[in-house]
Structure formats: structure tokens, C-alpha cells
Amino acid sequence: MRLRRSSLTAAIALLALLCVPALPAQAYPVQGDLPWSVLLCKFADRPEEPRPPQFFRELFTDAGKGLGGFADYLADQSGGRTSVAGSVVKGWYTMPFTLEQARTKSRWQRIEDCVQTAAAAGYTVPSNHWTAVMINAPVDSGSWGKRVLLDPLAWNLGFATHELLHGYDRDHSFSDDPTFRLVDWAQFGEYDDQWDIMSAMHIHTYRTERFGTSAVGLNGPTRDEMGWLEPHRIVTLGADGVASRTVRLVPLDQPGKIGTRMVRVPFDAADPFHYYTVEFRKKTGQSAGIPADLVLLHEVKNGVSYLLKDRITRNPVTSLNTNGVSVSIDSVGQEEAVVTVSTDLPQKCLNGYVHRKATYDDLVCVTPAVYEQTQADTADAPNWQEDGQCVFAYTRRLATPHDNVCVSPGTRRQVISDNAAAASRSNPAKLVLGPNACKPGYVWRGADDFDQVCVTQEVRDQVIADNMMGAGRWTDGPDGPRSCIQGYVWREAFAGDNICVTLDRRERAHHDTHTSWDRVLRPAG
């Protein structure tokens, strides 16, 4: 359901009072065990402990599995490939600072005060942990890099999930409404995708049984960015040269459903990271608070997703016809939505090339210099013809079968060469691989159907070889029928990855997973 007016007003006030913009985010796959150290800290003049440690264990760690906390949210949205395994809750600790002293400090320093207090009491945050600090009086909530600060006003699933995802380098979502501004310091359109948790707390929510205001699911572009959509379940329109399709979409909110989960519709020949997306959202699970099942359209630009909205009603648009793209929603049913999409991008040239236009229907892509020469040859054609025939040493250009312009043999050879290269210079849609496209020299690791971590070809080849050895390295043991034989350990490239490998390969997999941002072609944010 929508936030009630009073609740929405309170949420906006909370944003205005507590939040400042997060640090810039980057696009890269998020997977594996991503543990949090949750530290509970009291001010020296505030001895109250508003919630017992068990509340935070259930909200933030695997102790809350099945109870609707953050662990369940991550498992649901990532399809089980990301977890908070290893997370701990420590405290309450009493800091040697008063509430009034804290009000004069930066968010980073407030977090650091608690971290140092915990260290003095014997707990040091491990280097592979993210940090979430709970303070016992209202003063500030938000993120700072891999660290999050939450005061009692933010101890609900929706607000906490939003901030913890900031910790995983996710940034805010937007609408394309140039008039919407939630709070004075926000950008226009920021926090205006109510179907995406990264617009919290301006989202569609419901009241949870244990953890207050709910979260909402992630939109398609954000899931794609996080590596939580299988590449083979995303249709990139035009990549195969087919410019129009009718696509049946299964709900994004039900990852177990077999079928297409999102459509990318590229249209910008100069930028393979600029495209539209189409997704089907269902009122269920983490998104049980949305008003109804519907199809959503986003524009992804410079690593940011913008929900497309009607300028008058401010509702999501129900069709699109711009930039050579057409999207129509044919039907929305219980199990699927049917959409028809088209793009003119397959007819366009790759960046750096233009249509030759030797004749009206000549769409062969050539360099700008060849285009200029072609137009000059066409204009000069009467000088090289006599009685309908080419003069001595000249020949028909034949850029197309009905092209009778007379040119030099060298130009004719250029035409033959350009025609032969035509397929390699056209259709920019084939270059659209999504937000996790790798830098040159790297490829997707492919540990499973989701895995888009960028690695060298050598590492990918080894991963494939280890996958093929799967059953040969399993045995009945302490971890069940997929325990590893002696000398091997689970690879754990993602949560649930129980392929058995040598210890050095597991360490390599962990390293590659958690440093993958450095090998993505164009990080977002």
C-alpha cells in the first residue's frame, strides 16, 4: 500500500533531518557472503537501551532468517547468491561522549566514535566486514562508504535496507520528472521511483510484523547492475539484428518463474550504456506494498535509472514512442505481462561510422572521409560518362546494384571492401552488454548463469574446468553430500557456490568477487 499522508510527511521529514547524499556509487556485481559488524552504542548521558541486541540480530543477521529481516531481503532479491553470513551484533557499549557532543560531529566521526569504543572494549571490526552503528538517541542516520549509522528513527526494515545497500555501493534511483524534488538538498527526480528501495523512504510499503515499515523490491536496472539477473533472461532488443519483438515478461519479484525478466531497449549509437528497460512488477513478496501489478519503463543514463512518468498524472507511463523506440503494453496478467518493443538501432552505424548514402537506400557504414568522397563522386559523375558509359579507366561504382556512378578503380576497390565490412560496422545494439560489461582483456567469470564478475580468460577457463569436475570432488561428509574430498574447499564465488577447488583458487575467487569494480568497463554513479 502507499504510505499514508501522515506517514509520508514523517518520512520526508526524516529524510530532511537525518540524511545527506551518500558517497558516489559504482556498478559491479554484488555476491557472496557480505557480513556486517552491527555495533550498538549509547551516549554517556543516555543510558537507555531502546532495543535488546536480539532485535538487531534478527533484523540484520542470519539469526533473522525466515523472520522478514535484511537477510531474507538479500536472499530474495539476489536469488540466494548474496548473504550476510558471518554478521555479528556487539554491544551495547557506552561511548565517552554525550548526545550534545555528537550533534556537532560529522557522520563519519559519529560512526568512528562507536567503532573505537567497541575496540576499546575488545571488539575490532574485521577487515572484510561492513559496519553498521546503532546509536540510542535521534541525531543522524545514513551511510558513509562501507559504514552505516542508524538512530532509533531508522530502525525499520525499509530505511535500514536502503542504507545498507548504500554500503554495498548502490546509489539513489530517480524518476524523469524535472519538477519533482523531495527535499531541498535532493536533485530533481531523486527518490522518485516508489517501486525501488533506493528511493526510500518515498516508496510503496506495508507494515511488517517485526520490523516496522517494509522495504520494497529493487527495480530491474538496479538488479541488473548488482548481477542479480541472469544475462540469458534479459532480452537486449536488436542485438541479433531483429528490431521488433513481442516479449512475455515474468514478474521481476518472482525469480523462480521461468522466462524473460527484463528487456533492454538500446537506442543511443554513441553510448551502449544508455538504453530503456521494461520490467513486470507483481504485488507480492518484498513488493507486497505496491498498489497493483504493472509494467514499468526506465531510462538508464550515466549509470542512473530514471522511472518514466506521465507529466500530468505522475503515474508510470504505459507506452513509449521516442528516440526511435516504441514500447506498448499488450496485456498484464496474473503470471505474465506481454509487451511489444521496437528500436531502429540495428539500422544505425557503430560510433565513428556513418551511412555511405551512395544511393537513397545505401545503408553501408563507412568512415566520414569515405562518405565525403562518395558524395563528391556522385556530384562529379557527369564528368566521367559519355553516352551512358564510363570513360576510359573508370568503372561503375556499384555500391548498390542500381548504382551507376563512374569512379576510379581505386574507389571501386574501396566500395567492395566497405561492402564486405558492412556487418561489422553496423548495429550498435550488439555492443550493449549491460552495466557489468568488462574492460578490454577481461571476460565474465561464469561460475554460474548469473556470474558477471570480470576476470582474465585464463581464470574463466579454470572456473569452467572446476565446474566440470564438480561431482568428482564431492563426498559425503560434515557438510552433507557435497562435502569436498581432502585437499579441496568450497569455492564460494557466490553464496551457495559449493564447487570444490584448491584453497588458492577459492582465495582467488574471493579476491576477484570483491575487487570486480576495478575491471568493469564503465562503473555507475
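This passage walks through a predicted model of a single chain, from its overall build to a few helices and some individual residues.

The overall picture comes first. The chain has 525 residues, and 51% of them are buried. Its secondary structure amounts to 12 helices and 29 strands. Measured out along the principal axes, the C-alpha atoms fit a box of roughly 105 × 65 × 45 Å. About 22,500 Å² of surface is accessible, and carbon and sulfur atoms contribute 52% of that area. Among contacts with a separation of 6 or more, 59% link residues that stand 24 or more positions apart.

Helix H3, which spans residues 70-78, is a good place to begin a closer look. H3 is mostly covered, with seven of its nine residues buried. These buried residues are Phe70, Ala71, Asp72, Tyr73, Leu74, Gln77 and Ser78. Their cover includes strands S2 and S3 (residues 82-83 for S3), together with helices H2, H6 and H7. Just after H3 comes glycine 79, and this glycine has a positive phi, near 70°.

How does H3 sit against H6, one of the elements that cover the buried residues of H3? Two packed helices are described by the angle between their axes and the distance between the axes. For H3 and H6 (residues 157-167), the angle is about 60° and the axes lie 10 Å apart. H3 is therefore oblique to H6. The crossing of H3 past H6 is right-handed. On the H3 side, the contact is made by Phe70, Tyr73 and Leu74, while H6 supplies Leu157, Thr161, Leu164 and Leu165. Sorted by class, six residues of this contact are nonpolar, one is polar and none is charged.

Helix H2 (residues 53-60) also has buried residues, namely Phe55, Phe56, Glu58, Leu59 and Phe60. The elements that cover them include helices H3 and H6 as well as strands S2 (36-42), S4, S5 (130-135) and S7 (147-150). H2 and H3 thus appear in each other's surroundings: H3 is among the elements covering the buried residues of H2, and H2 is among those covering the buried residues of H3.

Strand S4, part of the cover of H2, brings a special feature of the backbone into view. Glycine 91 and tryptophan 92 are joined by a cis peptide bond, with omega at about 25°. Tryptophan 92 belongs to S4, which runs over residues 88-94. A further cis peptide bond leads from alanine 200 to methionine 201, where omega is near 5°. Methionine 201 is placed in a loop, between strand S8 (174-175) and helix H7 (220-225).

Histidine 129 offers a view of a loop residue, as it lies between helix H5 (107-120) and strand S5. Is this histidine buried or exposed? With a relative accessible area of 11%, histidine 129 is buried. Leaving aside residues up to four places away in sequence, histidine 129 touches Pro35, Trp36, Ser37, Gly86, Val88, Tyr123 and Lys146. Lysine 146 is 17 residues away from histidine 129 along the chain, and their C-alpha atoms are separated by 8.5 Å.

Two asparagines deserve a look for their backbone angles. Asparagine 323 is not a glycine, yet its phi is positive, at about 55°. This residue sits in the loop that joins strand S15 (319-322) to strand S16 (325-332). Asparagine 323 is partly exposed, with a relative accessible area of 41%. Asparagine 427, likewise not a glycine, has a positive phi of about 65°. Its loop runs between helix H10 (422-425) and strand S24 (443-444). Asparagine 427 is buried, at a relative accessible area of 8%.

The loop between H10 and S24 also holds alanine 429. The relative accessibility of alanine 429 is 0%, so this residue counts as buried. Which residues does alanine 429 touch, not counting those up to four places away in sequence? They are Thr236, Leu237, Gly238, Ala239, Pro266 and Leu345. Valine 341 lies 88 residues from alanine 429 along the chain, and the C-alpha atoms of these two residues are separated by 14 Å.

Conventions: Residues are numbered from 1 along each chain as its sequence is written. This is a predicted model: local features need pLDDT of at least 70, side-chain atom pairs count only at pLDDT 80 or more; totals for chains, interfaces and linings use all residues. Side-chain values use heavy atoms; hydrogens and water are left out. Axes are lines fitted to C-alpha atoms, for helices over the stretch in contact, and angles run from 0 to 180 degrees between N-to-C directions. Helices (H or I, at least four residues) and strands (E, at least two) are DSSP runs, numbered from the N terminus. Angles under 35 degrees count as roughly parallel, over 145 as roughly antiparallel, 65 to 115 as roughly perpendicular and the rest as oblique. A crossing is left-handed if the near helix is turned anticlockwise from the far one by less than a right angle, and right-handed if clockwise. Contact means heavy atoms within 4.5 Å. Ala, Val, Leu, Ile, Met, Phe, Trp, Tyr, Cys and Pro count as nonpolar, Asp, Glu, Lys and Arg as charged, and the others, Gly among them, as polar. Buried means under 20% relative accessible area, exposed over 50%, partly exposed in between (1.4 Å probe, protein chains only). Accessible areas come from the Shrake-Rupley method with a 1.4 Å probe; for residues, only the protein chains shown count as cover.
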